[in-house]
Amino acid sequence: MADAPAKLRIDKWLWHARFFKTRSLAAKQVSGGHVRVNSNRVLKPAQTVGPGDVLTFAQGRQVRVVRIEALGERRGPAPEAQTLYTDLTEKQDTPPLNPKYEGKGRPSKRERRALDLSRRSDD
């Protein structure tokens, strides 16, 4: 058994590496088919992964691609968790712009008066 390569459940590794807040959230993401290991879709949280495997999954609005470098013994602090993987995700040059106000929604008092005046002059 000492010669066997080290393996860990994928949901547990995602939790140790702090990609998900709880292990059950990681398991739900894997069960939903939203995680790929070496380009193969994984449906079972008990799937084992080891160093050298490449994981692809969605996190928020971003698709993350990471290569596993080590298996964690515990869910430690963030700096310790960052040593477990290498991030292969392409970096965005500029952050997405915030949506701008287009004048929709409820008019202000000034806009409402201007609208009322424009309606009266048409009659």
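This passage describes the nonpolar core and the aromatic ring pairs of a predicted model. Local features required a pLDDT of at least 70 and side-chain atom pairs a pLDDT of 80 or more, whereas totals for chains, interfaces and linings use all residues. Residues are numbered from 1 along each chain as its sequence is written, and side-chain values use heavy atoms, without hydrogens and water.

The largest nonpolar core (buried Ala, Val, Leu, Ile, Met, Phe, Trp, Tyr and Cys residues joined through side-chain atoms within 4.5 Å) comprises 19 residues. Those with the most contacts inside this core are I10, W13, L14, F19, L55 and F57. Two or more residues each come from α1 (10-16), α2 (23-31), β2 (35-37), β5 (54-59) and β6 (62-68), where helices (H or I, at least four residues) and strands (E, at least two) are DSSP runs numbered from the N terminus. The most is given by α1, with three residues.

Five aromatic pairs were counted, taking rings of Phe, Tyr and Trp (its six-membered ring) with centres within 6.5 Å; planes under 30 degrees apart count as stacked, over 60 as edge-to-face and the rest as tilted. The rings of W13 and Y85 are edge-to-face, because their centres lie 6.4 Å apart and their planes stand at 80°. This pair joins helix α1 to strand β7 (residues 85-87) across 72 residues. W13 is buried at a relative accessible area of 0%, and Y85 is buried at 15% (buried: under 20% relative accessible area, 1.4 Å probe, protein chains only).

F19 and F57 are likewise edge-to-face, at 5.0 Å between centres and 75° between planes. Both F19 and F57 are buried. Ring pairs link W13, F19, F20, F57 and Y85 into a cluster.

Definitions and conventions. Buried < 20%, exposed > 50% of the residue type's maximum accessible area, 1.4 Å probe, protein only.
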